[in-house]
Amino acid sequence: MPVEITWWGHATCTVEDSGTRVLTDPLFARRLAHLRRRRGAPPPPSAARADVVLVSHLHADHLHLPSLGRLAPGTRVLVPRGAARSVPGLRRLRNLDITEVEPGTVVEEGGVEIRAVHAAHDGRRLPVGPRRAPALGYVISGEARTYFAGDTGLFDGMAEAVGDVDVALLPVGGWGPNLGPHHLDPARAAEALARIAPCSAVPVHYGTYWPIGMDAVRPHEFHTPGEEFVRQAALHAPDVSVHRLAHGESVRPEVAR
């Protein structure tokens with residue numbers, strides 16, 4: 001069966017390839033601290049079913065302990081090296097098979113191979129403090145090669161680090177009126193697309209969560225990144241098929257034959 005991508009909102013996707021179900025950065029909450037889910041119903045219980053889970057970095061909207069707690073016992077979870085030291089709550093999830101990885105680590109699970117790659121992002125749990133863990137992207141290789149970027153900015157050698165891929169899941173926005181450093185907005189995400197040159201792309205990490213009480217503050221940063229990425233991609237990477245999904249929608253994207 002061709003690879004199938006389901007976007008549940010924010011950076012949470014299910015990638016089904018070669019009979020293996022891969023879940024990225026699970027975040028199932030209606031509210032997270034000062035953020036509330038403004039678009040799309042929370043994912044159904046079936047979204048927590050996975051053979052392997054990929055966590056890109058330690059920020060709470062990507063490594064969300066209550067969402068990880070909904071996984072079935074024994075589920076394998078790949079996290080950045082140093083995560084268990086930096087996030088003590090991880091050590092309390094004893095029913096999960098937590099594996100720490102770093103750029104270059106290759107893990108096989110079911111019918112796919114997963115390679116951790118560099119991401120240009122601050123991977124710490126907190127904005128201050130000495131404890132660090134690398135931010136990661138992942139390349140899932142089965143019948144297709146799917147790049148999940150996590151959170152990242154553009155960086156030198158990006159195409160070489162990622163390698164040849166068929167599908168790119170790229171962040172195109174954020175959860176507030178301003179993007180901090182080492183993020184992709186629609187224009188930078190289109191530049192990343194031009195560098196990586198996949199067959200297909202799915203924009204993620206936008207249009208789901210927004211700070212409470214800030215509905216009227218730069219609302220275009222919430223509503224428009226997906227559409228703007230489609231426009232920018234057509235300019236900078238016209239050969240790439242872009243699939244802008246609704247929350248909970250799935251696609252079987254084009255891949256190289």
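**Entry 1: Arg36**

I looked up the neighbours of Arg36 and found that, setting aside residues up to four places away in sequence, Arg36 touches Arg30, Arg31, Thr208, Tyr209, Trp210, Ile212 and Asp215. I note here that the model is predicted. Arg36 belongs to strand E5, residues 35-37. I checked the accessibility: Arg36 is partly exposed at 30% relative accessibility, since the buried class ends under 20% and the exposed class begins over 50%. For one of the contacts, Ile212, I also took the separation. Arg36 and Ile212 are 176 residues apart in sequence, and their C-alpha atoms are 6.3 Å apart in space.

**Entry 2: the loop between E15 and H5**

I went on to Gly213, which sits in the loop between strand E15 (209-211) and helix H5 (220-223). Is Gly213 buried or exposed? Its relative accessible area is 70%, so I entered Gly213 as exposed. I also took its separation from Glu108: 105 residues in sequence and 44 Å in space, C-alpha to C-alpha.

Arg218 is found in the loop between E15 and H5 as well. I wrote down its phi, which is positive at about 45° although Arg218 is not a glycine. Most residues other than glycine have a negative phi. Arg218 counts as partly exposed, with 38% relative accessibility.

**Entry 3: Asp25**

I looked up another positive phi. Asp25 is not a glycine, yet its phi is positive, at about 35°. Where is Asp25 placed? I found Asp25 in the loop between strand E3 (20-24) and strand E4 (31-32). Its relative accessible area is 0%, so I entered Asp25 as buried.

**Entry 4: Pro80**

I turned to strand E7, residues 76-80, where Pro80 has its place. Pro80 is buried, with a relative accessible area of 0%. Which residues is Pro80 in contact with, leaving aside its neighbours within four places in sequence? I listed Val55, Ser56, His57, Leu58, Glu100, Val101, Ala133, Pro134 and Leu136. For Leu58 I added the separation from Pro80: 22 residues in sequence and 7.8 Å between C-alpha atoms.

**Entry 5: Ala149**

Ala149 lies in the loop between E12 and H3. I found Ala149 buried, at 0% relative accessibility. Not counting residues up to four places away in sequence, Ala149 touches Ala119, Leu136, Gly137, Leu169, Leu170 and Pro171. I also checked Ala149 against His243: the two are 94 residues apart along the chain, and their C-alpha atoms are separated by 16 Å.

**Entry 6: helix H4**

I then looked at helix H4, residues 186-196, and asked which of its residues are buried. I noted Pro186, Ala189, Ala190, Ala192, Leu193 and Ile196 as buried. Why are they on the same side of H4? They cover an arc of only 155° around the axis, and that places them on the same side of H4. An α-helix has 3.6 residues a turn, so residues three or four places apart point the same way.

Next I looked up what covers the buried residues of H4. The cover includes strand E12 (145-148), helix H3 (158-162), strand E13 (167-171), strand E14 (200-204), helix H6 (225-236) and strand E16 (241-242). Just after H4, I noted a positive phi of about 55° at Ala197.

**Entry 7: H4 against H6**

Two packed helices are described by the angle between their axes and the distance between the axes. For H4 and H6 I read that the axes come within 8 Å and cross at roughly 40°. That angle makes H4 oblique to H6, because the roughly parallel class ends under 35 degrees and the roughly perpendicular class runs from 65 to 115. I entered the crossing of H4 and H6 as right-handed.

Which residues of H4 and H6 meet? On the H4 side I listed Pro186, Ala187, Ala189, Ala190, Leu193 and Ala194. On the H6 side I listed Pro225, Glu228, Phe229, Gln232, Ala233 and His236. By class, the contact of H4 with H6 has 9 nonpolar, 2 polar and 1 charged residues. Among the H4 residues that meet H6, I had already noted Pro186, Ala189, Ala190 and Leu193 as buried.

Notes:
Residues are numbered from 1 along each chain as its sequence is written. This is a predicted model: local features need pLDDT of at least 70, side-chain atom pairs count only at pLDDT 80 or more; totals for chains, interfaces and linings use all residues. Side-chain values use heavy atoms; hydrogens and water are left out. Buried means under 20% relative accessible area, exposed over 50%, partly exposed in between (1.4 Å probe, protein chains only). Helices (H or I, at least four residues) and strands (E, at least two) are DSSP runs, numbered from the N terminus. The arc is that of the directions from the helix axis to the C-beta atoms. Contact means heavy atoms within 4.5 Å. Axes are lines fitted to C-alpha atoms, for helices over the stretch in contact, and angles run from 0 to 180 degrees between N-to-C directions. Angles under 35 degrees count as roughly parallel, over 145 as roughly antiparallel, 65 to 115 as roughly perpendicular and the rest as oblique. A crossing is left-handed if the near helix is turned anticlockwise from the far one by less than a right angle, and right-handed if clockwise. Ala, Val, Leu, Ile, Met, Phe, Trp, Tyr, Cys and Pro count as nonpolar, Asp, Glu, Lys and Arg as charged, and the others, Gly among them, as polar.
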